[in-house]
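This briefing covers two topics: how a pair of helices packs together, and how two chains meet. Keep the structure open while reading.

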Number of protein chains: 4
Amino acid sequence: MKTFAYLGPEGTFTEAALQRVPEARGADHVPLGSVITALNQVRSGEVDAAVVPIENSVEGGVTATLDAIASGDELHIVREVLVPISFVLVGRPDGPQSLPELHSVATHTHAWAQVRIWAEANIPNAAFVQAASTAAGAHGLLDASSTYDAAVCAPHLARHLGLPILAEGIEDTPDAVTRFVVVAKAGSLPEPTGSDKTSVVVPLPEDRPGALGQIMDQFSTRGVNLTRIESRPTGESLGTYFFSIDLEGHLVEERVSAALAALYRMIPGVRFLGSYPGAEHHDYTIPEYTTDEAYQRGRAWVRSILDR
Amino acid sequence: MKTFAYLGPEGTFTEAALQRVPEARGADHVPLGSVITALNQVRSGEVDAAVVPIENSVEGGVTATLDAIASGDELHIVREVLVPISFVLVGRPDGPQSLPELHSVATHTHAWAQVRIWAEANIPNAAFVQAASTAAGAHGLLDASSTYDAAVCAPHLARHLGLPILAEGIEDTPDAVTRFVVVAKAGSLPEPTGSDKTSVVVPLPEDRPGALGQIMDQFSTRGVNLTRIESRPTGESLGTYFFSIDLEGHLVEERVSAALAALYRMIPGVRFLGSYPGAEHHDYTIPEYTTDEAYQRGRAWVRSILDR
Amino acid sequence: MKTFAYLGPEGTFTEAALQRVPEARGADHVPLGSVITALNQVRSGEVDAAVVPIENSVEGGVTATLDAIASGDELHIVREVLVPISFVLVGRPDGPQSLPELHSVATHTHAWAQVRIWAEANIPNAAFVQAASTAAGAHGLLDASSTYDAAVCAPHLARHLGLPILAEGIEDTPDAVTRFVVVAKAGSLPEPTGSDKTSVVVPLPEDRPGALGQIMDQFSTRGVNLTRIESRPTGESLGTYFFSIDLEGHLVEERVSAALAALYRMIPGVRFLGSYPGAEHHDYTIPEYTTDEAYQRGRAWVRSILDR
Amino acid sequence: MKTFAYLGPEGTFTEAALQRVPEARGADHVPLGSVITALNQVRSGEVDAAVVPIENSVEGGVTATLDAIASGDELHIVREVLVPISFVLVGRPDGPQSLPELHSVATHTHAWAQVRIWAEANIPNAAFVQAASTAAGAHGLLDASSTYDAAVCAPHLARHLGLPILAEGIEDTPDAVTRFVVVAKAGSLPEPTGSDKTSVVVPLPEDRPGALGQIMDQFSTRGVNLTRIESRPTGESLGTYFFSIDLEGHLVEERVSAALAALYRMIPGVRFLGSYPGAEHHDYTIPEYTTDEAYQRGRAWVRSILDR
């Protein structure tokens, strides 16, 4: 049986992401305390894969995720998962059950930021109590050592813990989703599906005008669309940056492999983080001159001249 | 007297950043519970300015900072501050004082990630307890309701609270720094210093190949160097992105104002977040053909033809 | 009364071009022996303007035209003229009048190249005799010192000289046209018409990868379309090049003046050769973000931040 | 024995170019009346190769050369030759021998343009008589049917014809050279020499902003330097252009073949005109990331991921 780690505790949005991974059905699910621990257990073989947040999440720990995947033994992203972000307000089983009675609400800072407008309108007098995670805030309601009246958490955690739900759908942005990835040991690439993403991390040797532009040009001249780009300090020494890039396409596509080979030629430290099915099925259109068939035609033409 | 808010509680790295802001000497310093609250108090006039983390910090809350500055009434960044990141391990005044005796250590997830190698080597058997912030973890040591033996926090907080220091300089990356900004109401721009940065946020209308390249070209053709770029989902609807960009230079420089005017022509939703002194004094070199004097020469030449 | 010089002799296609210039109606028309002489007479004030071929013509002298305009005292192109290229075969008044009887045909090399297919099909046995111009070849038919039977020339010259026309419309490419320009002393620019061209000559200081690309980028980032580009050796020293460029638009348009000012900043030796009505009325479309109105909006936005 | 055609008559600069072609030593040299005839004889197999002017020459016929190579059955350029351009003034064997006595001087328009300053200073009263070529002008001095006193021609023609030399080195630009190419049937490519050029002709489907830029980008992203670029009307229909491009490098180099394959993918009508030794030995430097070895490294890296 396979084992999937995830950023716990139980009831987090990351667990909700794991529940959407087809390969994880029937597998062991192991909650772990940090993204780094989860990734290291993949590296050491203790678990087969890990689900970790990759983007603006309500549980934090996100900015470091790509760094952690890109450092140490090679790991590959094998799938991307989107989870709708919805919140409920839960109370103590034995505490006040109506909104006007609430004096304090615990949750993670990020979650609080996402229900702030609702809170100002509906529980203006309730104080915010910072919790280590949304799950930790909710668990505290079952615990006599804590003193707050309510918590903001994910709907499935509320159900899991059997906490009374005082209000539902309280998120300020109704259609918000957050993004997670499934990470495994570097090895067999997922098959291309026609709606894939590829992630790379590119150290930028110098901080000079045009360096980033040169990198971009390697993609645009090959019709490769970027869906995310982020420059980040490496932490090693001030002023040294790297770029984290997601692009549309799979490494088996010629335009993608040509662009990445070009990047590697320029910057040998580039790190491949995976080609994998994107969470949204999205039939991207690419310029006709960048299809595999076009690449083959181009090579055949050159060959016909050289071989004459 | 001026009032400066900061992301509290007392003893956080953000407070350390505030202590490095020349304008804040002798001002009132107000700790607040979240970046959003701090920014809103600037907007409402309750405080004159706020110091908030902008980058990979140990207290989290970072990814959302630029979003929060860019939403709602206009705010401007007026200064950037760097703080070296160093950690100490502190114990309970009345608890175990030697490393082998420690069973549990509380701190924020991000701080724990930054001392992990030290911890594995020196306190391999101590369990990690997630705290809402490094300061919250340290404060808990003075509090009978918590049960952990030690905490990881900033040196100045340890001194401030009078906690026993069990180990110093335990960070895995010795020269790490983190970046903070001082934010004030949009108004008078700081004077250019010759070592300035300008921040903008650019919504990207469509997600098509070349769109980002077109934006980059507006900078590179004017010799404007980008020091940070980040594409981020807007949260409003999946697949809509914006770019957050820092560039070298001040809006009063012609090459900068020309590039930003070009951006505005292409994307009227672009948002100016400020021109301000960079934290490191860094005499950037710009191509000779992009100095203000060169711009004046170029215009004079065109004028001489039109006026003949 | 105005005086217009043209590349003579009478009966050349350049004279046909001059007949299409509205400003030249009722003016004196002066045929001159070379493009350089014509341009020098404009410079010295002996004539008000000169009509000279600018492109692949049947009378040669073309490649040097732009060089000659760009060297010496400043001249400006004030109009562009297109002339359809059609040829007739003319004979001697007293010579053979049927095609099979012809033994030799005189004309300029370029004209011969343009009727070659017709000649091979219709007068396969007639030898080609090189003439200094199509007009010189035709004039020779009236002259006892020459011995050839026929000449290829412009229809209006045949009529002008009263030569017997043996065949008409013998050009191999039926819709060919050639391009001429009217050149005057640098001075008042023609008014913009909405269908204008601008010509510049750009010396390229070095011969390095990307230099040309940098120039191109100054145009493309401002939505300026190039309709002609040519790199040419300067003749001064081997390996030194300049670019001759025609673009869509008039110097009074902001996107054009901004692009040219940028070029001037990079390469102060750039030479402006004129903004003038294009021969074909062609409503070019420009990106919305490059209209004058867009430029004004961009500047106003920057101003609104600086002035706050 | 091999046969080389050239643009005649004997004594032209093109013949001088032919004399500099190593492969043509001991071969038959055939003067022909036009570039087109010379190229057609290569196509039909009547001659093995042809030497034709490619650049700003004193005998004209140049602008059309590349068009003529690029139309019809495929021909390849196999060598480039440079010839210094120097002129002598020659007189009639039985005519006036001192400069003040000269009343008229015959030569090709282009040659006249290149000695004009000398002529104005030394023979200000001599009239210019247009000749079909410099050689034709010189030959006429041996011919009673012409009436001019002198001619401007190449030094080797003066010697060949035994004409009295009245002045030497009369060219206004002392170090001028002109460029010729040796053209053969498409077939075995010349071996790379480390100082090669490649020529292509690229039809441009539409006349839109950025089209040319896109083509340029395919070269610049692969570190390929262009030494000549020319946009030219096709003649077929007004407003349809093609580009004629020379670049540094040989088709067997990966960066060159990759750039041309990309061009072919975008514009299947691109025409390869040859990879051949440049006339000047010029050790061009290319970016390290574009060497063949770098290309192999890039491919190997991609392969290592795909094959894992």
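The model shown here is predicted. The points below start inside chain A, with helices H7 and H8, and then turn to the contact between chain B and chain C.

**Helix packing in chain A**

- Helix H7 of chain A covers residues 211–220, and helix H8 of chain A covers residues 254–266.
- The two helices pack at an angle of about 155°, and their axes are 8 Å apart.
- Angles over 145 degrees count as roughly antiparallel, so H7(A) and H8(A) are roughly antiparallel to each other.
- Their crossing is right-handed.
- On the H7(A) side, the contact is made by A:Ile215, A:Gln218 and A:Phe219. On the H8(A) side, it is made by A:Ala259, A:Ala262 and A:Leu263.
- By class, the residues of this contact are five nonpolar, one polar and no charged.

**Contact between chains B and C**

- In this contact, 27 residues of chain B meet 27 residues of chain C.
- Three helices of chain B, H7 (211–220), H8 (254–266) and H9 (292–306), each supply at least two residues of the side that touches chain C.
- H9(B) gives the most to that side, with nine residues.
- The side of chain B that touches chain C has 17 nonpolar, five polar and five charged residues.

**Symmetry of chains B and C**

- A turn of 180° with a shift of 0.0 Å along the axis lays chain B on chain C, with an RMSD of 0.1 Å.
- This is therefore the relation of a two-fold axis.
- The same surface serves both copies, as 100% of the contact residues of chain B recur in chain C.

How values were computed: Residues numbered from 1 in each chain as written. Chains lettered and ligands numbered in written order. Predicted model: local features only at pLDDT ≥ 70, side-chain atom pairs only at ≥ 80, totals over all residues. Axes fitted to C-alpha atoms, helices over the stretch in contact; angles between N-to-C directions. Helix = DSSP H or I, 4+ residues; strand = E, 2+ residues; numbered from the N terminus. Parallel < 35°, antiparallel > 145°, perpendicular 65-115°, else oblique. Left-handed = near helix turned anticlockwise from the far one by under 90°. Contact = placed C-beta atoms within 7 Å. Nonpolar A, V, L, I, M, F, W, Y, C, P; charged D, E, K, R; others polar. Least-squares fit on C-alpha atoms with pLDDT ≥ 70 in both.
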